[in-house]
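I opened this notebook to keep a record of what I looked up in the model, entry by entry. Each entry takes up one topic.

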Amino acid sequence: MIADSAAPEARPSSSWEHSSTARVIPPVRPRKLAKVPFVELAGGRLQGVVSSGSDIARVYVSSIAAGTHGYSCGTNNNRPCGGLGHGMCKHLRALVDEAVLQYGLDRVARYLRVEVDAEVTTGAQLIARMRGSRTPAAGEAVFSRFLRHLAYLELPGTTGPLPEMHWFPATGAVG
Amino acid sequence: MPGVWSELLGAVPPGVTEALELADGFDRALAHGLGRPGEEQAAALEALAAAMAATPLGDRVAEAAAKAAAGAAAEEHLVVLAGARTALFGAVHDALLARLDGVLGRTRDEWREPAPAGPSGAGHLLAGLRSWLHELAVAGWRGVGHDLAGAASQVIEAMLAEPALRRAAVLADGLAAELHAACGVLDRVPARRWADLWARALLLTQAGPDGRSPLAAEPVGTVSGRLLVLGVDVHEHPTAAQLQVHALLEAGDGPPRLVRAAVGAMKVDTVVGPDLWRLFDAHPVLLAALAGRRTLEVTGLPLLPGGDLVWHDDRARAGEEADPFVTARVALAGAAAPAVPPLERHPVRIAEPVLLEGYTAVTGEDGTLTFRLDGDGPDGALPVAVDRLPACGPLTPKLVARSTACIGLLRWDAGRWSVQPLAVQTRGKGGTTAAHTGDWAQGPTDPKAAKAALRNGDPVAVLRERAGRLLRR
């Protein structure tokens with residue numbers, strides 16, 4: 001739910017409320033997708049897909065729950081990851097690193113509800129502040145979200161106007 | 001032209017403030033939720049109905065507003081209310097555009113009703129979307145949780161696969177993504193924005209008596225001739241992107257005509273910055289003309305009644321080099337502008353190409369940038385929409401702040417005009433140099449940006465490879 005904030009200091013600037021092009025979603029930052037093609041903050045989890053280093057047809061599906069920080073990792077064929085014996089595996093570490101690149105550390109920490117201070121600047125430091133343990137995998141659901149994600153790029157383009165896109169101006173340049 | 005900008009930026013046209021106040025009342029009611037309207041919401045709905053009383057929609061709006069005020073609005077009533085809200089913004093659009101045309105001395109075609117086209121069949125998907133929009137209205141924006149935000153996910157997925165439903169699908173997908181992102185995070189509601197998206201989506205679910213959408217139209221004919229590009233406007237949300245090229249069309253004897261040509265692509269959120277152009281590799285001639293600042297010779301392109309060309313890359317070839325600043329200086333002032341289709345009339349669609357020269361760029365204490373034009377007082381300071389400079393091109397706020405000439409789109413949002421730069425000229429030791437949004441259409445030409453792109457690899461290729469290996473098994 002969107003919090004109903006009545007505190008006067010939280011009153012929105014009226015021009016934002018009256019803007020047809022108000023920005024709601026912060027843009028993600030570009031990153032190298034080869035190793036971790038898919039990362040998202042969704043369904044109460046940081047979740048994503050990590051390509052296997054040894055088999056190009058295999059991927060690992062990894063996730064960390066917000067709040068409890070319970071984690072899981074397994075292949076897309078539902079085999080548990082062999083690296084999960086002692087804490088998080090390399091796939092989970094890669095997932096957190098790439099999430100920090102994509103969304104920024106603050107957004108990831110806030111979503112997962114990890115207490116951080118100014119000293120925490122990397123994915124590894126963020127993981128060190130988590131106190132979760134291994135949980136059953138949500139692999140299938142995450143993998144199907146990844147497939148849906150990929151399917152967007154398979155859809156044909158359009159050659160006529162999409163007038164509604166005027167509500168979605170490009171974002172971005174800084175400096 | 002001393003004083004013209006003061007004329008544009010001065011007093012708002014009559015009726016605009018009143019119309020927007022009525023819309024704000026409705027938008028607040030929608031944020032609150034129509035499932036449990038209180039006195040304030042009922043009063044806003046009543047005011048909307050009263051304003052529509054003298055129009056052909058009058059009786060139906062009165063009935064719909066009464067139902068909604070009683071917390072009993074059905075889908076058909078919401079469609080009528082969305083129609084009433086759309087009429088308000090249509091009137092605001094018309095008043096603003098008439099003022100702008102007057103200031104620019106721009107002549108605009110009269111609207112002629114075209115033959116309808118578009119969605120036939122797939123009615124069950126549109127019904128599914130409409131039912132989600134009804135649920136959203138009942139809950140109110142503040143009552144939307146993750147479950148409701150995602151409730152139309154399968155309908156939208158199916159709609160994306162239907163070319164005739166792409167407009168509605170892209171819009172609904174963008175709205176759903178924002179609702180998801182806002183859940184539990186935002187402490188305020190972008191009331192006008194979401195009501196805009198909601199109302200347009202609802203209208204897009206409607207079919208006329210012939211089963212076709214009143215928002216779609218058949219081409220009025222085909223055109224051939226020379227396109228002189230003015231610039232490219234880039235639109236994107238997490239899963240869609242559109243390039244809209246603004247150009248002058250020289251065809252036959254008359255004055256050149258202002259036209260637009262748009263190509264769209266579906267994407268994912270990690271395709272951003274200069275990689276965006278890679279989504280459009282099916283249109284190599286268009287991209288080459290943008291990157292090379294060339295004219296386009298086109299043959300037999302369908303022209304829609306709103307001045308939009310339907311792009312066929314194989315019916316175009318890049319011509320000679322043509323500096324858009326020369327095009328704008330020589331031909332923009334006398335160009336004929338197209339009429340705007342009635343159901344598209346909304347201030348957000350106003351994107352009128354202009355050439356600005358002889359201004360002083362002023363950066364305010366709060367970091368905002370304005371162009372103060374010669375002959376105008378402080379009232380004539382035109383805000384620059386630097387937040388609309390896309391990350392896929394070379395224009396940055398700093399560069400725009402140093403500029404001496406600008407090709408831009410005049411925009412109106414949140415009660416004020418602004419200019420969205422598409423290209424700027426700056427003066428340096430070596431003379432005048434120009435930067436255009438489309439300069440990087442074939443890849444970044446700036447060494448720093450090129451290096452960054454090289455470091456990250458090609459995300460579109462990576463994801464297509466993954467799709468090839470994982471999707472079709």
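The entries below go from chain A to the contact between the chains and then to chain B.

**Entry: chain A overall**

I began by noting that the model is predicted, and I then turned to the make-up of chain A. I counted five helices and four strands in chain A, which, read along the sequence, follow the pattern α-β-β-β-β-α-α-α-α. For the extent of chain A I noted a box of roughly 55 × 45 × 35 Å, filled by the C-alpha atoms and taken along the principal axes. Of the 175 residues of chain A, I found that 44% count as buried. I also looked up how its contacts are spread along the sequence: among those with a separation of 6 or more, 53% join residues 24 or more positions apart.

**Entry: the sheet of chain A**

In what order do the four strands of the open sheet in chain A stand? I read the order as β1-β2-β3-β4, with antiparallel pairing. The edge strands are β1 (38-42) and β4 (71-75) of chain A, each of which pairs on one side only, and the twist averages 15° from one strand to the next. Looking at one pair in detail, I found that β1(A) and β2(A), the latter spanning residues 45-51, pair in the antiparallel sense over five bridges, and that Val39(A) has Gly48(A) in β2(A) as its bridge partner. I then checked what lies over these strands, and noted that helix α2 (residues 90-103) of chain A lies across β1, β2, β3 (59-65) and β4 of chain A, running at about 110° to β2(A).

**Entry: a positive phi in chain A**

I kept in mind that most residues other than glycine have a negative phi. Against that background I noted Asn78(A), whose phi is near 70°, a positive value in a residue other than glycine. I located Asn78(A) in the loop between β4 and α2 of chain A. Is Asn78(A) buried or exposed? Asn78(A) counts as exposed because it has 11 C-beta neighbours inside 10 Å, and the cut-off for exposed is 12 or fewer.

**Entry: the contact between the chains**

I looked up how many residues each chain gives to the contact, and found 56 residues from chain A and 85 residues from chain B. On the side of chain A that touches chain B, the elements that give two or more residues are α1 (14-17) and α5 (139-151) of chain A, with α5(A) providing the largest share, five residues. By class, I recorded 33 nonpolar, 16 polar and seven charged residues on that side of chain A.

**Entry: domains and core of chain B**

For chain B I noted a division into domain 1 (1-105), domain 2 (116-217), domain 3 (218-337) and domain 4 (343-440). The centres of domain 2 and domain 4 of chain B, taken over C-alpha atoms, are separated by 33 Å.

Which residues have the most contacts inside the largest nonpolar core? That core has 190 residues, and I listed Leu48(B), Leu129(B), Ala172(B), Trp198(B), Ala201(B) and Ala247(B) as those with the most contacts inside it. Helix α5 (residues 75-104) of chain B gives the most to this core, with 13 residues. I followed Ala201(B) further and, not counting residues up to four places away in sequence, found that it touches Leu129(B), Leu133(B), Ala168(B), Leu171(B), Ala172(B) and Leu175(B).

**Entry: a sheet of chain B**

I next looked up an open sheet of four strands in chain B, in the order β11-β15-β16-β17 with antiparallel pairing. Here β11 (352-357) and β17 of chain B stand at the edges, each with a single partner strand, so one side of each is left without a neighbour in the sheet. The twist averages 30° from one strand to the next.

Strands β15 (residues 403-413) and β16 (residues 416-428) of chain B pair over 10 bridges in the antiparallel sense; I noted that the bridge partner in β16(B) is Ser418(B) for Arg411(B) and Gln425(B) for Ala405(B). Their hairpin has two residues between the strands, and Ala414(B) takes a positive phi near 50° in it.

Further along, β16(B) pairs with β17 (residues 431-436) of chain B in the antiparallel sense over six bridges, and a hairpin joins the two through two residues. Arg427(B) stands opposite Thr432(B) in β17(B).

How values were computed: Residues numbered from 1 in each chain as written. Chains lettered and ligands numbered in written order. Predicted model: local features only at pLDDT ≥ 70, side-chain atom pairs only at ≥ 80, totals over all residues. Pairing = 2+ DSSP bridges. Axes fitted to C-alpha atoms, helices over the stretch in contact; angles between N-to-C directions. Core = buried A, V, L, I, M, F, W, Y, C linked by C-beta atoms within 7 Å. Buried ≥ 20, exposed ≤ 12 C-beta atoms within 10 Å, placed from the backbone. Contact = placed C-beta atoms within 7 Å. Domains from an automatic or database assignment. Nonpolar A, V, L, I, M, F, W, Y, C, P; charged D, E, K, R; others polar.
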